[in-house]
Amino acid sequence: MPSRMSSRSARSQGRPDSGRVAAHLAVMAAVAVVMGVLTACLAIPFAGLVGVAAKDVSRGMVNLPESLEAKDLSQKTRIYDVNGNLIASLYDQNRINVPLSSISRPMVKAIVAIEDYRFYDHGALDLRGTLRAFITNQANGGAVQGGSSITQQMVKQTLLYQAETDAERKAATEETYARKIRELRYAIAFEKNHTKDWILERYLNIAYFGDGAFGVQSAARHFFSKNAKDLNLLESATLAGLVKNPVGYDPIDNPERAESRRNVVLDRMAQLGVLTEKKAERLKATPLEETLKIETAPNGCQQSRAPFFCDYVVSWLLKDPVLGDTPKERRTTLKNGGLNIHTTIDLDMQEAADDSVSSHVYPQDQAIGGLAMVEPGTGDVRALAQSRPMGKDKAAGETYLNYVVPKEYGNSNGFQAGSTFKVFVLASAINQGIPLSTYISSPQQMFIPDSEFETCNGPYVGDGGWDVQNSTGSGSYNLYTGTQQSVNTFFAQLETRTGMCEPVKLARSLGLSPGMNPSWVLGDSDTSPLAMASAYATFAARGLYCEPRPVTQVLDSSGQVLKDFPNQCEQAMPGATADAVNDILRGVMEPGGFGQNIAIDKPSAGKTGTTQSGRSVWFVGYTPTLAAAAMLAGANDQGQWLELGGQTVGGQYISEASGSGYAGPIWGDAMAAISAKLPYEDFAPPPGDYIAGVLVPVPDVTGQSVEAATTALQAAGFTVADGGQVDSDAEAGVVASTSPEAGTSLSSGDTVTLYTSTGTASTNGRGRKGRG
């Protein structure tokens, strides 16, 4: 008896018991029924499969939608500089869609070989593969996996990609026969409505290849630093092997498993005759590491070559309804729409701005340095730099506040710009016909009653008056010297002559937001370097104000123009008025001016700005082709104002802050670094017949004929008088001298007297005037 039982036990261990056999037979019968229904849907003959169960499954199939909408795949948006260089990418999924024609043939052969080698021969369902997978999976515990055609895999990826709720995401990934049936229903529709090439193309673009790379193009760029169209056999086999388990076969984290999987793909390709076994063996001998060339795909502005310019671009576009009706829709479009955004940034200028700011102000200083560059006549923003890097580590000086742009784009309130606002009163005075040669006695300190300041609606009503004082001395100044020395009491009195209405309106028309009070002329309202650079660019552009423009064009994912962004410019003041302002401000950069030590080798003009509180200092300067505003402001890591005096900034102790001493060098170093890129172009001289009191140097006309000298002097804006003859060894009849002498600065319209030569030198050393 024991021996017989032992024998029976041995036999039972070698084969399934009757319960397992019955279970397997039941599963096979159920699968056969299901397969019959599915193949009926595919119009493939599969005889003998009918019954109630088949009708129930068929009814479930019919209740599903007939087709699945394949929505556009998200693609990363790319931002380019003015020369077409990539400066940033934005994405939720790192994907760049490509047509099948832009995917190498080795890649196509590799993915088909390992995932669905009969893809081009069967319909939505590979009957043999699916049936074999069902039976095998059931025997091993019932998990539903494997056996899916490429079309079915594409359907699964599409359902997962388009899932909007947790329930939809769960349904797209659950390991059930119901999911398989649902996928097959949609696969049938795709096979009916699309070509095999279309299905394979979408599959290769939607598939996840690991390490953040979605789609074959991004995977090719990430793992091999090349485009999908250039993938060779080894690279293709590597990528084809990843889709089954992108994490487990990750070439970076699991190189040995990735190489083994790559070799499985090569063996399969050899088995199918895609390549010879000899070639497969030769390729398998190549270490994986020799083929990898990892290329990172930075995401977001923080990793950009110009983070705060990128941030400005994003904020600027988020206000444009072309990207969507709401800010949320626009943000989604920006991160998923595959846009190509062409901007105005010049990376050479950006580098110069970054280098200058970082050398003068350190990230952890209790101060913020900033610089903005704008092109006159277009408004194109060429560079934005600030001393605090982008990031969340406040201890390291990082911030997400963009201090260089207006508040609506950077969330920073800005800083007071000091005396840089004086130019708007200056321009209004010139426009109103006040001669540039007008002198105003300007004491060290004076009190001016409110009633002397006119608003647009009558006399200003305030606290009684303005007690204004200078930081630069006292004396009598004209519009040239009063501006170049930045004399507060001079401008306070000039403002009583112009009134506040016109200069405040002018400043507002140039993108600034001053209040209507007497002290506004000293820059007591907050602003940004970008706003100031744009305002001053108006003078360089001879009165043409252009709104700052960071973007020129946005293309959609197919390369079609979504929107062009033309210049938004308008004439804010007469060109002659701007010419006169330029003529005055260029004196700041010349010997004796506050900016003489930062002047570059191109004609330039500028204005310093220092707040009375000493919390911020500025220098805004420009050439005819580029305007830049530099700022240094005391601020803690919360952006709260601090005084600059007594601080160490950029390794330099500040006893008393000034625009020329601390903001000026930021401007000067940046502009000097790019001066070679700037064309040599001079400012247009202000016309003396339009601008009263223009100061013009008397040209040297000695040795010229009277007619030629007269023409030259009149062209310079002077009235010419005949002073008669003087003894001179110059040729008789030519101009021997002028009064005033050459180089003397006079107002336009002033008289220059010509003296002509007798042709004989005076014997007593003194010239003898004739009566001519």
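**Aromatic pairs, strand pairing and burial in a predicted model**

A search of the whole structure, which is a predicted model, turns up 16 aromatic pairs. One of them brings together Phe-421 and Trp-520, whose ring centres lie 6.2 Å apart with the planes at 65°, so this pair is edge-to-face. The two residues come from distant parts of the chain, 99 residues apart. Phe-421 sits in the loop between strand S8 (415-416) and helix H18 (422-431), while Trp-520 belongs to the loop between helix H21 (501-509) and strand S15 (526-527). Both Phe-421 and Trp-520 are buried.

Tyr-622 and Phe-683 make up an aromatic pair that is likewise edge-to-face, with 5.7 Å from centre to centre and 85° between the planes. Here Tyr-622 is part of strand S21 (residues 616-623), and Phe-683 is in the loop between helix H24 (659-674) and strand S25 (695-697), so the contact of the rings ties together parts that are 61 residues apart in sequence. Tyr-622 has a relative accessible area of 0% and is buried. Phe-683, at 8% relative accessibility, also counts as buried, because the cut-off is 20%. These two pairs do not stand alone: ring pairs link Phe-421, Phe-424, Trp-520, Tyr-536, Phe-539, Tyr-622 and Phe-683 into a cluster.

Aromatic rings also meet charged side chains in this model. Lys-196 places its charged end over the ring of Phe-119, at 4.3 Å from the ring centre. In a second case, Arg-268 lies over the face of Tyr-117, 4.6 Å from the centre of that ring.

Turning to the secondary structure, the chain holds 25 helices and 29 strands. Strand S5 (residues 340-343) offers a helpful place to follow the pairing, since S5 is joined both to S1 and to S17. Strand S1 (residues 77-80) runs parallel to S5, and 3 bridges join the two. Strand S17 (residues 551-555) runs antiparallel to S5, with 4 bridges between them. Asn-340 of S5 takes part on both sides, standing opposite Arg-78 and opposite Leu-555 in S17.

Among the helices, H23 (residues 575-585) is mostly covered, with 11 of its 11 residues buried. The buried residues of H23 include the charged Asp-579 and Asp-583 as well as Val-581, Ile-584 and Leu-585. Gly-575, Ala-576, Thr-577, Ala-578, Ala-580 and Asn-582 are also buried in this helix.

Over the chain as a whole, 51% of the 772 residues are buried. The exposed surface comes to about 34,000 Å², of which carbon and sulfur atoms supply 48%. Of the contacts between residues at least 6 apart in sequence, 69% join residues at least 24 apart.

Confidence in the model can be followed along the chain too. The mean pLDDT is 87, and 87% of the residues reach 70 or more. Over residues 1-28, however, pLDDT stays under 50, and the model gives this stretch 5 contacts beyond four places in sequence. Residues 765-772 also have pLDDT below 50, with 13 contacts in the model beyond near neighbours in sequence. Where pLDDT is low, the predicted coordinates should not be read in detail.

Key: Residues numbered from 1 in each chain as written. Predicted model: local features only at pLDDT ≥ 70, side-chain atom pairs only at ≥ 80, totals over all residues. Heavy atoms only, no water. Pairing = 2+ DSSP bridges. Buried < 20%, exposed > 50% of the residue type's maximum accessible area, 1.4 Å probe, protein only. Contact = heavy atoms within 4.5 Å. Areas by Shrake-Rupley, 256 points an atom, 1.4 Å probe, with all protein chains shown as cover. Phe/Tyr/Trp six-rings, centres within 6.5 Å; stacked < 30°, edge-to-face > 60°. Lys NZ or Arg CZ within 6 Å of the ring centre and 35° of its normal. pLDDT = per-residue confidence, 0-100.
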